[in-house]
Amino acid sequence: MKKRDPKVELMRIIACAIVIGAHTYLSPIVNERADIGRVFITCLCADGVAVFWFINGFFLFRKTDYGALLLHTAKNILLPLLCVTLFAFYFGDWLMKGEPLISSLSHPLSDYRDLFNGILSWNNVVADLGHLWYLYVYALVMFFFPVLKAFVDYLEKDTNREKIFLILSSLFLLINDISGNRFASFSHHTINALIPAAIEIIWGHIIYKYKNYFCNQKYIGISIVGFLGLNMIRLFIQMRNYNVDLSNKTILYWYTLIGILCALCVVIFCLSTGLKTANNTVINKLICKLASYTYTIYLIHPIVKNVIAKHGGMNLLQKIILNDSHGIVREIVYTAIIIIIVFAISLILSIFLKSIYQLLKKCWMHRRLI
């Protein structure tokens with residue numbers, strides 16, 4: 001089995017933490033006004049999904065067997081997606097809202113109809129699982145893999161084509177950002193998400209081809225400064241947007257040019273860390289082991305967060321750390337701690353679920369041998 005690249009695995013961990021942050025940070029709106037400190041934290045937690053799209057691009061176009069790719073997607077993406085959806089459908093109200101178990105298990109025919117229509121429209125309709133849009137779009141990307149592969153093969157015939165693509169796609173995204181997403185109408189659903197996802201995946205493919213260029217520790221500082229600087233620009237834009245309309249959050253989404261550039265800073269930071277695949281160190285092993293659970297953590301972390309919230313854990317943590325104040329330092333500390341707590345609990349549950357899966361798999365194999 002080929003060894004995992006710890007630099008890429010570190011990206012997975014950071015991206016997963018950013019996604020958790022996006023679902024746990026404090027509301028940026030306080031007393032009908034945008035709080036600048038909280039808005040900045042919101043900006044910092046905006047681009048985890050973009051990092052994941054980049055990572056997909058690192059390895060996707062090495063694949064040649066379309067059938068095997070679809071089978072892998074069905075087994076490793078759609079099956080877990082279905083399991084989490086059904087689990088939340090039947091047990092979600094009990095776990096996350098405190099309803100009686102029998103009430104959570106019981107659903108009228110209209111709920112099943114809505115669930116079926118959601119699947120037909122390739123969209124999640126189960127409450128508290130909005131993050132699953134990424135997996136629906138991921139599966140759609142895999143379905144259109146031959147088209148993307150043909151385009152990437154065309155780009156690779158001439159490095160100038162890659163440069164032109166990066167420039168033109170940047171301009172396309174910039175125009176859309178300036179228009180407030182009215183130009184392209186990107187979203188988190190089907191074709192409107194497929195196009196920006198494909199752009200970011202191709203960006204990831206191109207960047208990873210030249211990864212050795214960034215294997216210099218001087219880029220650690222450059223990437224950190226770039227990430228913070230870009231988010232300061234984003235903060236200025238978002239505060240201006242909030243002053244006009246508190247519902248305008250288009251610059252915070254993963255399909256913006258500034259979002260791609262922030263994700264690129266995360267990628268460059270990880271590539272420049274000096275972690276080497278060949279080094280069988282404790283750090284490398286730990287990074288790769290943690291990263292192996294990030295998909296399951298991604299799947300279940302909203303459920304974990306909502307259970308913590310239901311039992312008053314988040315309110316207690318806010319009371320202890322914030323102490324009824326709105327200082328950015330306290331808010332950053334709170335955000336970091338809640339990310340760690342949700343990540344850690346989700347990790348423990350992921351290890352448990354993997355152990356159960358491995359046990360069931362062994363039992364099934366043993367049964368077949370009898």
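Biologist: Which residues of helix α7 meet helix α10, and how should I read such a contact in this model?

Modeller: A sensible way is to list the partners on each side, and then to ask what kinds of residue they are. In this predicted model, V137, L140 and V141 of α7 meet T190, I191, A193, L194, A197 and I201 of α10. Sorted by kind, the residues of this contact of α7 with α10 are eight nonpolar, one polar and no charged.

Biologist: At what angle do the axes of α7 and α10 cross?

Modeller: The axes of helix α7, residues 133-143, and helix α10, residues 190-209, come within 9 Å and cross at roughly 70°. An angle from 65 to 115 degrees counts as roughly perpendicular, and α7 and α10 are therefore roughly perpendicular to each other.

Biologist: Helix α10 also packs with α9; what are the angle and the distance between their axes there?

Modeller: For α9 and α10 the angle is about 140°, with the axes 11 Å apart, and the crossing is left-handed. On the α9 side the contact involves E162, F165, L166, S169, S170, F172 and L173, which meet I199, I202, W203, I206 and K209 of α10. The residues of this contact of α9 with α10 divide into eight nonpolar, two polar and two charged.

Biologist: Is S169, one of those residues of α9, buried or exposed?

Modeller: To decide, one compares the relative accessible area with a cut-off, and buried means under 20%. S169 has a relative accessible area of 5%, so S169 is buried. This serine lies in helix α9, residues 159-178, and, leaving aside residues up to four places away in sequence, S169 touches I199 and W203.

Biologist: Which backbone atom lies 2.7 Å from a polar atom of the side chain of S169?

Modeller: That atom is the backbone oxygen of F165.

Biologist: How many residues of helix α3 are buried, and what do they pack against?

Modeller: Here one applies the reading of burial to a whole helix, residue by residue. Helix α3, residues 48-59, is mostly covered, with 11 of its 12 residues buried. Among the buried residues of α3 are V49, F52, W53, I55 and N56, and the buried residues of this helix pack against α1 (6-24), α7, α10, α12 (257-271) and α14 (294-310).

Biologist: Taking α12 from that list, how do the axes of α3 and α12 cross, and which residues make the contact?

Modeller: The axes of α3 and α12 come within 8 Å and cross at roughly 65°, and α3 passes α12 in a right-handed crossing. The contact is made by A50, V51, F54 and F58 of α3, together with G259, I260, A263, L264, V266 and V267 of α12. The residues of the contact of α3 with α12 divide into nine nonpolar, one polar and no charged.

Biologist: I would also like to read backbone angles; which sign does phi have in most residues other than glycine?

Modeller: Most residues other than glycine have a negative phi, which is why a positive value in such a residue deserves a second look. In this structure E32, which is not a glycine, has a positive phi of about 65°. T190 is likewise a residue other than glycine with a positive phi, near 35°.

Biologist: Where do E32 and T190 lie?

Modeller: E32 is in the loop between β1 (29-30) and β2 (33-34), whereas T190 lies in helix α10. The accessibility of E32 can be read with the cut-off for exposed, which is over 50%; at 65% relative accessibility, E32 therefore counts as exposed. T190 has appeared already, as one of the residues of α10 that V137, L140 and V141 of α7 meet.

Methods: Residues are numbered from 1 along each chain as its sequence is written. This is a predicted model: local features need pLDDT of at least 70, side-chain atom pairs count only at pLDDT 80 or more; totals for chains, interfaces and linings use all residues. Side-chain values use heavy atoms; hydrogens and water are left out. Helices (H or I, at least four residues) and strands (E, at least two) are DSSP runs, numbered from the N terminus. Buried means under 20% relative accessible area, exposed over 50%, partly exposed in between (1.4 Å probe, protein chains only). A polar contact is a pair of N or O atoms within 3.5 Å; within protein, one must be able to donate a hydrogen and the other to accept it, and residues adjacent in sequence count only if both atoms are side-chain atoms. Contact means heavy atoms within 4.5 Å. Axes are lines fitted to C-alpha atoms, for helices over the stretch in contact, and angles run from 0 to 180 degrees between N-to-C directions. Angles under 35 degrees count as roughly parallel, over 145 as roughly antiparallel, 65 to 115 as roughly perpendicular and the rest as oblique. Ala, Val, Leu, Ile, Met, Phe, Trp, Tyr, Cys and Pro count as nonpolar, Asp, Glu, Lys and Arg as charged, and the others, Gly among them, as polar. A crossing is left-handed if the near helix is turned anticlockwise from the far one by less than a right angle, and right-handed if clockwise.
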